[in-house]
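Good morning, colleagues. Please look at the structure on the screen, and I shall take you through some of its features in turn.

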Amino acid sequence: MSEEMAPANRMIPDGGTEHRDVNDVVEEDWIEETTPFERVYEIIRTTYDPASAGEIADRARVSATTARKHLRTLESAGEVTTSQDGQTTCYRRSETAIVTEHAQSLLAELSPEEIASGVADMKAQIQEWREEYDVDSPEEFARERDVDDVDSDYGALLTEWQTTRRNLALAQATLAIGEASNTGHLTGTDPDDEGDSDTSIVV
């Protein structure tokens, strides 16, 4: 969106000025400077709870029919996942798209070597917990220790274990995405690909 905003006051035919709410001005600029598809995409990127096409359309300032058409396109690209609420199809950002975005942010901040080092540290930490408490997972740990208070020592450890496991999965996905990018498998530019098959992945 342009940093240059339309004036909050504008001339009207009788020579006076009409006061315009700043939110209306921002919204008008947004609609003027973006396509309907861009607005639907912008809304769905922050939609983590299921929402109907009508709700997304209202936020994107498009018709429900237009929103539904663009949401189907985004669903085909893996950006959107759907669920049913009675007769209503609901949409939200897909887990794959969220993980891919986080992975790309991580790749922008850290080198593959730094990420690999972090993976090794997290694996070692998880193995240490497994051996110390003689369990295979944080869920088994919670059952064995009857953890029902997140503020207790065991509750804090359970949260840390689950967070470490989640971060490990993200780091491993990041390395895989980085490797796929380097080999061209992610962009369809694999030098070994002679072009007779479609191996590109939309991210």
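I begin with one residue: glutamate 139 has a relative accessibility of 33%, which makes it partly exposed. Its partner is arginine 165, and the two side chains meet in a salt bridge with an N to O distance of 2.7 Å. This contact links distant parts of the chain, since glutamate 139 belongs to helix 7, residues 138-145, and arginine 165 to helix 8, residues 153-183, the two residues being 26 apart. Arginine 165 is likewise partly exposed, at 35% relative accessibility.

Before going further, I should say that this is a predicted model. The average pLDDT of the chain is 84, and 80% of the residues score at least 70. Two stretches call for caution. Over residues 1-6 the pLDDT stays under 50, and the model has 12 contacts for them beyond four places in sequence. Residues 187-203 also have a pLDDT below 50, with 19 contacts in the model beyond near neighbours in sequence. Where pLDDT is low, predicted coordinates should not be read in detail.

Let me return to the salt bridges. How many does the structure hold? There are six salt bridges in the structure. One of them joins glutamate 101 to arginine 93, with 3.2 Å from N to O. Is arginine 93 buried or exposed? Arginine 93 has a relative accessibility of 3%, and therefore counts as buried. Glutamate 101, at 26%, is partly exposed. This pair does not stand alone: Arg45, Glu79, Arg93 and Glu101 are linked in a network of salt bridges.

A further salt bridge connects glutamate 95 with arginine 92, where the closest N and O atoms are 3.6 Å apart. Both partners are partly exposed: glutamate 95 has a relative accessible area of 49%, and arginine 92 has a relative accessibility of 24%.

I turn now to the sheet. Three strands form an open sheet in the order 3-5-4, and their pairing is antiparallel. Strand 3, residues 51-52, and strand 4, residues 80-85, are the edge strands, each pairing on one side only. Strand 5 covers residues 88-93 and runs antiparallel to strand 3, to which two bridges join it. Which residue of strand 5 is the bridge partner of serine 52? That partner is cysteine 90.

Finally, helix 4. This helix comprises 13 residues, 64-76. At 1.5 Å a residue, helix 4 should span 18 Å, and its end C-alpha atoms are indeed 18 Å apart, so the two values agree. Its buried residues are Ala67, His70, Leu71 and Leu74. Why may we place these buried residues on the same side of helix 4? Because they cover an arc of only 105° around the axis. On the other side of helix 4, Thr65 and Ser76 are exposed.

What covers the buried residues of helix 4? The covering elements include helix 2, residues 36-44, and helix 3, residues 53-60, together with strand 4 and strand 5. After helix 4 comes glycine 78, which has a positive phi, near 85°.

I thank you for your attention, and I welcome your questions.

Methods. Residues numbered from 1 in each chain as written. Heavy atoms only, no water. Salt bridge = Lys/Arg side-chain N within 4 Å of Asp/Glu carboxyl O. Buried < 20%, exposed > 50% of the residue type's maximum accessible area, 1.4 Å probe, protein only. Helix = DSSP H or I, 4+ residues; strand = E, 2+ residues; numbered from the N terminus. pLDDT = per-residue confidence, 0-100. Contact = heavy atoms within 4.5 Å. Pairing = 2+ DSSP bridges. Expected span 1.5 Å × (residues − 1). Arc of directions from axis to C-beta.
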